Amino acid sequence: MVGMPEPAPAYEIWVYSPRVEGVHLRFGAVARGGLRWSDRREDFRTEVLGLVKAQTVKNAVIVPTGAKGGFVGKQLPDAALDREAWWAEGIACYRTFISGLLDVTDDLHTGEDGREVVVAPVDVIRYDGDDPYLVVAADKGTATFSDIANEIAQSRGFWLGDAFASGGSNGYDHKAMGITARGAWESVRRHFRELDVDPQSTDITVVGVGDMSGDVFGNGMLLSEHIRLVAAFDHRHVFLDPDPDPAVSFRERQRLFALPRSSWADYDPALLSAGAGVHSRQAKSVPLSPQVRARLGLPDGTTSMSPDELVHAVLRAPVDLFWNGGIGTYVKSSAESHASVGDKANDAVRVDGVDLRVRVVGEGGNLGLTQRGRIEAARSGVRLNTDAVDNSAGVDCSDHEVNIKIMLDRLVARGELDLGERNARLRRMTDDVARLVLRNNDEQNRTLSVESAFTADLLPAHRRFLEVLEGAGAIDRALEALPSAAELDRRVREGDGLTNPELSVLLAHAKISLRRALLHSDLPDEPWVRATLCAYFPADLGEGLAERLAEHPLHREIAATVLVNDVVAAGGLTFAFRAAEETGSDAADVVRAFAVTRSVFGLPERIAAVEALDGQVQAAEQAQLRQEQQRLLDRAVRWFLQARPEGIDVTREVERFGPTLAALAPRVPELLRGQDAAYLQTRAEELVASGVGRPEARRTTSLLFVYALLDVTEVAEATGRPAEEVAATWFAVSDRYGFDRLLTAVSALSRTDRWETLARAALRDDLYALLREFTTAVVSDGRSSTVDAATAVEHWEGERAAAVRRARQTLGELELAGRADLTALSVALRTLRTVLRRR
């Protein structure tokens with residue numbers, strides 16, 4: 001519709017009656033998000049639209065894209081006079097809203113032949129295609145309504161049954177699992193890891209939004225016994241404890257969390273530190289002790305404040321962590337007005353991002369900071385992501401619940417499982433589901449950590465990706481608060497890159513765009529992908545029903561989601577995009593090449609080894625190790641894409657290259673010669689000195705040398721020579737002519753724009769191709785099988801003495817001149833080619 005505010009949803013349902021109005025927005029056919037009981041009667045669609053934008057980004061890690069709904073009651077009694085009547089009317093409005101949504105939603109039935117068919121709703125004329133996927137979730141005001149929604153869906157025979165609304169009586173209780181807080185805590189731990197602080201073993205000072213009765217705040221403040229909560233607030237109270245004893249305060253927070261409907265007023269005053277107190281936000285003035293004044297970093301002489309002024313001061317406190325577990329937007333940028341934030345209730349307490357004095361922000365709650373506020377805070381040195389990254393565990397857990405129920409319900413329908421056992425299996429899988437979900441949180445944080453460590457160097461790639469997304473209409477820079485072209489130019493000049501909040505948005509779009517491309521291909525239906533399906537589900541299902549998982553109606557979407565998460569976690573934000581653009585390949589072939597590379601080079605084991613170094617080496621050193629793995633991934637994927645332009649058969653390529661690489665990769669360090677061997681030894685010792693174990697140090701340092709085994713395997717096949725002989729010859733030639741020095745020089749070339757990047761990649765490919773030609777020529781000469789590799793190279797050179805002499809002279813002159821630019825390297829390449837010409 002012309003004139004509607006952006007972004008425009010793919011699907012919108014409007015429910016209207018004299019009693020209730022509601023709207024449900026979806027950004028794709030398979031989408032999920034919560035339904036809220038809104039109090040914004042005049043602009044609830046605006047509220048829902050703002051929430052669904054964040055939901056779409058948050059859902060990048062799960063199968064469905066974003067959706068959100070909201071309703072307003074139009075005849076609500078006054079809650080202050082009769083809360084029970086107000087509550088009953090709210091439930092009635094919710095029931096009408098849910099029924100209205102289902103009235104116009106397709107259903108999925110199983111026919112007599114066992115095949116599933118889509119059934120249109122009664123008395124509805126359809127102008128769109130089949131559209132049976134509709135799921136909802138709890139949100140503000142509807143936390144206890146899942147059973148109501150499921151009862152309506154089940155009474156109608158809707159195909160999703162109690163998977164329609166996650167978290168009901170037979171679903172996962174997010175508060176009991178603490179899953180949202182635990183997911184956000186993964187972000188907190190990663191931020192502190194980059195500061196060389198372990199919040200599980202080192203005391204940290206914390207301020208926060210919320211109280212211990214709340215899910216996210218309460219669970220979050222129990223995730224470490226070393227939390228020193230010095231201040232917190234909700235709509236009722238301001239809690240101040242300037243010098244808490246970690247153990248004592250932890251036990252008291254545990255008590256409050258277990259106490260039904262507790263508030264900060266229930267905190268035992270005998271356990272508070274000197275100068276502490278709990279104050280009503282309705283008070284006219286709050287007295288401030290010297291201890292509180294010092295803790296909050298207030299000016300000398302400050303003896304009292306209004307409650308709003310005090311909350312403002314809490315938000316600006318100089319502490320380690322700001323934990324947002326409440327409702328409201330408390331941080332904006334200095335360039336934003338309070339009116340533009342859209343949260344009038346907190347205008348009086350809100351602060352600017354530049355004024356935050358915390359080291360880390362953890363966003364367990366939604367919309368606690370505006371995106372521009374986050375960026376401003378990040379540019380001022382605060383470590384934070386976005387709410388979409390930090391609190392994605394809740395929606396991830398719900399998505400797993402829905403997809404597990406869909407699978408189990410098929411077994412129930414066929415009589416292979418009774419309902420009681422189905423529910424028991426769901427309960428047994430709770431811990432496994434939590435592990436899968438938290439793994440996603442951990443991986444997203446590790447990806448951002450590596451990306452931010454090299455953000456200035458990666459800015460050209462990030463910029464190109466932004467330009468392509470914008471050109472395709474996938475993003476609106478102003479809407480997403482992403483930097484303009486002029487701002488990016490400024491950051492290039494000043495040696496800056498994207499901030500973590502900006503990288504978080506780019507991370508989501510990297511996943512969204514890649515998943516969309518995979519779902520438009522045949523890749524999710526290929527046999528090798530079935531193992532990926534198993535990885536999504538807990539072992540109880542993934543192993544027990546491995547052959548049945550392809551029957552899941554969302555098996556393509558699930559497989560694509562898992563693959564995309566794996567690709568981005570291993571390769572980084574722009575890896576797949578760059579590989580496709582620079583080779584002219586489609587996204588599906590990039591992922592196929594990734595699958596082969598990951599398998600034959602054993603990348604999961606290498607990545608796990610680096611992750612295991614948490615707490616043993618500095619985060620910056622871990623990022624360097626991960627970057628080495630990403631460089632291997634970049635090169636190997638491009639190798640497969642260029643070597644197999646007709647397409648990549650994942651299973652066949654793994655069978656072809658796997659055995660050779662498994663046999664020879666451990667031997668590469670001993671096959672290296674001269675400067676190559678010296679480099680490996682020096683770099684490995686540096687890693688050992690930083691805390692990396694010697695075996696892993698040697699394995700990581702040799703990764704880019706191991707990459708050569710792809711060419712070695714093919715040369716061995718083409719010449720009929722043993723792969724070990726070919727490998728020895730390869731490294732002898734490389735040392736003899738300084739190929740690795742030339743490749744290092746290529747890596748140092750500028751890549752400030754797309755064309756420099758393409759030129760650099762082309763030169764690297766030409767050098768590897770030339771090294772392959774040299775190796776092929778030497779092993780084909782027939783002497784390499786009777787003498788050692790270095791001697792075989794010397795014999796081969798004897799027939800080309802003049803060309804070798806000229807080449808060495810030219811290469812020596814270039815090295816002496818200190819030239820390592822594109823021109824000099826092109827000359828070196830041409831010079832080396834002359835050696836291959838026979839006399």
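I'll go through the domains of this chain and then the interface between domain 1 and domain 2.

Keep in mind that this is a predicted model.

Start with the layout. The domain assignment splits the protein chain into domain 1 at 11-166, domain 2 at 179-390, and domain 3 at 721-838. There is also a record to set beside that. UniProt, in an unreviewed entry, lists residues 3-450 as "domain: NAD-glutamate dehydrogenase catalytic". In the model, the stretch 3-450 is 38% helix and 16% strand. The C-alpha atoms at the two ends of that stretch are 41 Å apart.

Now to domain 1 and domain 2. Taken over C-alpha atoms, their centres are separated by 33 Å. Five residues from domain 1 and five residues from domain 2 make up the contact. About 450 Å² is buried between the two domains, and carbon and sulfur atoms give 63% of that area.

Which three residues supply the most of what domain 1 buries against domain 2? They are Leu51, Ala54 and Lys58, with 64% of the area on the domain 1 side.

What about polar interactions? Between domain 1 and domain 2 the count of salt bridges is zero. The rule does find one residue pair in polar contact across this interface, with both residues at pLDDT 80 or more. As for the residues on the side of domain 1 that touches domain 2, three are nonpolar, none are polar and two are charged.

To recap the interface: about 450 Å² buried, zero salt bridges, and one residue pair in polar contact.

Definitions and conventions: Residues are numbered from 1 along each chain as its sequence is written. This is a predicted model: local features need pLDDT of at least 70, side-chain atom pairs count only at pLDDT 80 or more; totals for chains, interfaces and linings use all residues. Side-chain values use heavy atoms; hydrogens and water are left out. Domain bounds come from an automatic or database domain assignment. Contact means heavy atoms within 4.5 Å. Buried area is the accessible area (1.4 Å probe) that two parts lose on being put together, summed over both. A salt bridge is a side-chain nitrogen of Lys or Arg within 4 Å of a carboxyl oxygen of Asp or Glu. A polar contact is a pair of N or O atoms within 3.5 Å; within protein, one must be able to donate a hydrogen and the other to accept it, and residues adjacent in sequence count only if both atoms are side-chain atoms. Ala, Val, Leu, Ile, Met, Phe, Trp, Tyr, Cys and Pro count as nonpolar, Asp, Glu, Lys and Arg as charged, and the others, Gly among them, as polar. UniProt positions are given in the numbering used here, feature names are shortened, and annotations may be inferred rather than shown by experiment. Helices (H or I, at least four residues) and strands (E, at least two) are DSSP runs, numbered from the N terminus.
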